[in-house]
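Hi,

Here's the structure I promised to pass along. Have a look at it first, then read on for what turned up.

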Amino acid sequence: MEISPFVMGLPKVELHLHIEGTLEPELKFELAQRNGITLPFDTPEQVRESYDFDDLTSFLHTYYDGMNVLRTSEDFYDLAMAYFAKVATQNLRYVEIFFDPQAHTSRGISFDTVISGLRRAQIEAEQKFGITSALIMCFLRDLQPEYAMATLLESLPYKHWILGVGLDSDENGNPPSKFAAVFARAKAEGYLLTMHCDIDIPGSIDHIETVIHEIGVARIDHGTNIVENPELVKTIVERGIGLTSCPISNTWVSEGTKVELVKQLMAEGVKVTINSDDPAYFGGYIAENFQRVADEGQVSDEFLAQLAHNAVDISWAPAVLKAELHGEIDQYLAQA
Ligand code: HPA
Ligand code: ZN
């Protein structure tokens with residue numbers, strides 16, 4: 001995909017990025033070799049060609065399968081550093097990174113192994129690339145809430161490294177209400193709250209209503225099905241609850257990018273943002289996702305800059321950093 005100089009240089013913020021979803025086939029092979037694991041493929045190209053998901057469930061199967069090569073703290077460090085190096089070329093300035101501790105603790109990899117590797121990469125990326133980052137710990141919604149609660153308790157000694165909690169994995173049959181007690185406890189512990197409301201899931205609107213009114217999230221991951229209920233749209237505009245939309249990801253798990261919905265929701269005053277979700281699997285990092293919006297939506301540079309401003313607004317970055325990022329975007333647009 002051809003990325004315009006404007007999109008490439010625009011200072012960007014990413015709020016919906018699963019670090020395990022940045023595992024490129026080349027690194028998968030490298031880590032497999034290092035850890036003495038045999039992959040059922042001969043080349044990275046073969047791995048890429050095997051990606052053939054058409055809904056959330058089939059994607060998740062490949063996604064969890066791929067993680068098996070992540071074993072040591074160094075593996076998690078390498079995974080995150082590869083991501084930072086990639087997006088440093090796309091002028092990513094700040095990122096809130098999802099990680100899935102249960103996808104690892106369930107395989108016998110300790111919480112400390114995961115988070116210490118990620119943390120080391122975050123510190124190094126700030127120095128090396130000037131990218132500031134924070135961690136959001138996601139619970140897997142297709143597992144039991146008791147396991148999520150145990151993971152929440154396990155995270156408490158690392159609280160100063162974790163900004164908030166999220167909810168991901170298979171939403172089918174796993175409504176947000178299942179995790180109401182876990183999220184209430186997370187909030188009491190000082191974590192900020194977000195949850196996935198994936199695209200075109202049976203019960204999407206009910207789930208969105210629950211996360212707003214019962215869970216009390218600060219933002220919603222995906223969530224563009226909210227257009228089906230104008231009353232809920234009004235509520236999130238009033239409360240400043242933003243959406244983290246992932247255009248290229250949407251094409252893999254449902255139909256189309258939903259860019260038209262992004263435009264509609266923006267026009268209605270919703271703070272929508274553009275994100276990459278699982279770039280190594282869906283084939284697009286932050287800049288490719290912005291470019292997809294530009295190409296398909298035929299929107300102006302001002303519109304793209306507004307999407308970047310929205311991400312700063314609904315991010316959980318410190319006020320000083322937010323002011324700095326808004327300034328960078330404004331200055332960039334003025335000179336474009
Ligand atoms: N939805 C649900 N679970 C996920 C996703 C997603 O977009 N990416 C990684 N795990
Ligand atoms: Zn996601």
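Helix α4 and helix α12 (247-253) each put at least two residues into the lining of the largest cavity. Of the two, α4 deserves your attention, as it gives the most to that lining, with five residues. Before going further, bear in mind that this is a predicted model.

The cavity itself has a volume of about 120 Å³. It is lined by 17 residues, and the closest to its centre are H18, L56, F59, L60 and D278. Sorted by class, the lining comes out as seven nonpolar, five polar and five charged residues. If you were wondering how many cavities of 30 Å³ or more the structure holds, the count is one.

Now for the ligand. Where does ligand 1 sit? Its place is in that largest cavity. The shell around ligand 1 is made up of H18, L56, F59, L60, Y63, D168, S169, H196, D198, H222, D277 and D278. Helix α4 (residues 56-66) turns up again here, with four residues, the largest share of the shell. By class the shell splits evenly: four nonpolar, four polar and four charged residues.

Three polar contacts might be handy if you set up any scoring:

- S169 uses a backbone N or O atom, which lies 2.8 Å from a nitrogen atom of ligand 1.
- D198 has a side-chain N or O atom 2.8 Å from a nitrogen atom of ligand 1.
- D277 also works through its side chain, with an N or O atom 2.8 Å from an oxygen atom of ligand 1.

As for how covered the ligand is, on its own ligand 1 would expose 260 Å², and the protein buries 99% of that.

There is also an open site to look at. The largest pocket has a volume of about 320 Å³. Its lining counts 15 residues, with K28, P40, F41, D65 and G66 the closest to the centre. Which helices each supply at least two residues of this lining? They are α3 (44-50) and α4. Once more α4 gives the most, this time with four residues. The pocket lining divides into seven nonpolar, six polar and two charged residues.

So if you only keep one element in mind, make it α4: it is the top contributor to the cavity lining, to the ligand shell and to the pocket lining.

Cheers

Notes. Residues are numbered from 1 along each chain as its sequence is written. Chains are lettered from A and ligands numbered from 1 in the order in which they are written. This is a predicted model: local features need pLDDT of at least 70, side-chain atom pairs count only at pLDDT 80 or more; totals for chains, interfaces and linings use all residues. Side-chain values use heavy atoms; hydrogens and water are left out. A residue is near a molecule or strand if one of its heavy atoms lies within 4 Å of it. A polar contact is a pair of N or O atoms within 3.5 Å; within protein, one must be able to donate a hydrogen and the other to accept it, and residues adjacent in sequence count only if both atoms are side-chain atoms. Accessible areas come from the Shrake-Rupley method with a 1.4 Å probe; for residues, only the protein chains shown count as cover. On a 1 Å grid over the protein atoms alone, a cavity is a set of points where a 1.4 Å probe fits but cannot get out, and a pocket is an open set with protein on both sides within 12 Å along at least five of seven lines; lining residues have an atom within 4 Å of a point. A molecule sits in a cavity or pocket if more than half of its atoms lie within 2 Å of its grid points. Ala, Val, Leu, Ile, Met, Phe, Trp, Tyr, Cys and Pro count as nonpolar, Asp, Glu, Lys and Arg as charged, and the others, Gly among them, as polar. Grid points are joined across faces, edges and corners, and a volume is the space filled by probe spheres set on the points.
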